[in-house]
Amino acid sequence: MAQHFLLSAASRTLSLRSIYKAGEAATHDVFCKMRWPETNGEAVCPQCSHGETYKITTRRKFKCKNCHHQFSVTSGTIFASRKMDFVDLLAAICLAVNASKGMSMVQLSRDIDCQYKTAFVLAHKLREAIAREVQTGEVLEGHVEIDGAYFGGHIRPHNEKAKRVDRRKKEHQTGTRRVVIAMREREGRVLPFVGENEGEGVALANENVSRTSTMSADEAGHWDALHMGWNVDRVNHSEIYSDHGKHTNLVESFFSRLRNMIQGQHHGVSPKYLHQYANHSAWLEDNRRTDNGTLARIVVSNAMDAPVSRQWKGYWQRAA
């Protein structure tokens, strides 16, 4: 039996020890090379795009020789106004990519010695950067599996049996239950969306699946409409999970990872942010055969290319 990739040495190309051993200056250079790859890390002014700058080494900043604008490597990126050291920032990214089913914010805050609030916002910024690889706008090709899975909205039963209600009825629902609708190429990527009911997946398929593709779905009645646009394989899960190649096992594999992430690590996710966890899980699923050093470089590169987050900049200050 072949060794699983995650158990092999090839999957381990970055460690916390190597990050802290390299130090702050070397880590800062890594961020510079990810921000300005075309100049091999030499700073380019984000205001006038001039390529000649002064280095203010005492503050790890740059000053443009043309417009005299002062900036740092994270100015104008998703890490704008960061206060965390670069070595801690890269360590947090390393921990995030090492956790194949996600990491709780309590654990992350303890590992890098920061407040829970800092870890919470940082992790969501990383998920926002990761989503740029998942939600690309490109339609899915080949054979595509589609399915939905519900998350949240748990209603705790009353202690006394006489006072328990039928939790299936709408009047007893919390209103926080959402469905993650996922489409997965058999030989490609996962594309997740969050909706109110699974039937919304038909409209999402019309927008995101090529008309030359074929599809697989389960026996749910709302998937009948897919037959008008595609050749669809159906499998009745009450009788069989895989019938001579007709299955939705790959998209179910994605849901398994997402359930383990939410139930096993986070224990509860607000419907407001469920789409970010779904994108994170899809990215981990798509890159399950990629070593952790490459994953960390991908995240840093995406973060350096992402603009200032409108949702997460000053998150706690707005709440106050």
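Is E285 buried or exposed in this structure? In the predicted model examined here, E285 counts as buried, with a relative accessibility of 4%. That makes a good place to start, since E285 takes part in a salt bridge with R257. The closest nitrogen and oxygen atoms of these two residues are 2.6 Å apart. This pair links distant parts of the chain, as R257 sits in helix α6 (residues 249-266) and E285 in helix α7 (residues 274-286), with 28 residues separating them. R257, like its partner, counts as buried, at 13% relative accessibility. The contact also belongs to something wider: salt bridges with shared partners join R184, R257 and E285 into one network.

The full count of salt bridges comes to eight. Another of them brings together D305 and R132, whose closest N and O atoms lie 3.2 Å apart. Here too distant parts of the chain are linked, with D305 in helix α8 (residues 292-305) and R132 in helix α4 (residues 116-134), 173 residues apart. The setting of this pair can be read from its accessibility: D305 is exposed, with a relative accessible area of 53%, while R132 is partly exposed, at 39%. A further salt bridge is formed by the side chains of E160 and K163, with an N to O distance of 3.8 Å. E160 is partly exposed at 41% relative accessibility, and K163 is likewise partly exposed, with a value of 49%.

Attention can now turn to the strands. Three of them make up an open sheet, arranged in the order β1-β2-β3 with antiparallel pairing. The edges of this sheet are β1 (53-56) and β3 (70-71), each of which pairs on one side only. Between β1 and strand β2 (residues 61-64), which run antiparallel, there are four bridges. To find this pairing in the structure, a reader may look at I56, which stands opposite K61 in β2.

Next come the open spaces of the model. Rolling a probe the size of a water molecule over the atoms shows where empty space is left. The largest pocket has a volume of about 540 Å³. Its lining is made up of 19 residues, and those lying nearest the centre of the pocket are S81, K83, T118, V121 and K125. Two elements, α4 and α9 (315-319), each give two or more residues to the lining of this pocket. Helix α4 gives the most, with five residues. What kinds of residues form the lining of the largest pocket? The lining divides into nine nonpolar, five polar and five charged residues. Helix α4 thus appears in two parts of this account, as the home of R132 in the salt bridge with D305 and as the element that gives the most to the pocket lining.

The backbone also offers some details to look for. D113 has a phi near 60 degrees, a positive value in a residue other than glycine. This residue lies in the loop between α3 (105-112) and α4, and at 71% relative accessibility D113 counts as exposed. A positive phi is also found at H267, where the angle is near 65 degrees, again in a residue other than glycine. H267 belongs to the loop between α6 and α7, the helices that hold R257 and E285. In contrast to those two buried partners, H267 is exposed, with a relative accessible area of 63%.

Finally, the cysteines deserve a look. A disulfide is a covalent bond between the sulfur atoms of two cysteines. How many disulfides does a search of the whole structure find? The search finds zero. Why is C45 not bonded to C67? The sulfur of C67 is the closest cysteine sulfur to that of C45, yet the distance of 3.6 Å is too far for a bond, because a disulfide needs the two sulfur atoms within 2.5 Å. C45 itself is buried, at 2% relative accessibility. C94 is in no disulfide either, and the nearest cysteine sulfur, belonging to C114, is 15 Å away. C94 counts as buried too, with a relative accessible area of 0%.

Note on methods:
Residues are numbered from 1 along each chain as its sequence is written. This is a predicted model: local features need pLDDT of at least 70, side-chain atom pairs count only at pLDDT 80 or more; totals for chains, interfaces and linings use all residues. Side-chain values use heavy atoms; hydrogens and water are left out. A salt bridge is a side-chain nitrogen of Lys or Arg within 4 Å of a carboxyl oxygen of Asp or Glu. Buried means under 20% relative accessible area, exposed over 50%, partly exposed in between (1.4 Å probe, protein chains only). Two strands pair if DSSP finds at least two bridges between them. On a 1 Å grid over the protein atoms alone, a cavity is a set of points where a 1.4 Å probe fits but cannot get out, and a pocket is an open set with protein on both sides within 12 Å along at least five of seven lines; lining residues have an atom within 4 Å of a point. Grid points are joined across faces, edges and corners, and a volume is the space filled by probe spheres set on the points. Ala, Val, Leu, Ile, Met, Phe, Trp, Tyr, Cys and Pro count as nonpolar, Asp, Glu, Lys and Arg as charged, and the others, Gly among them, as polar.
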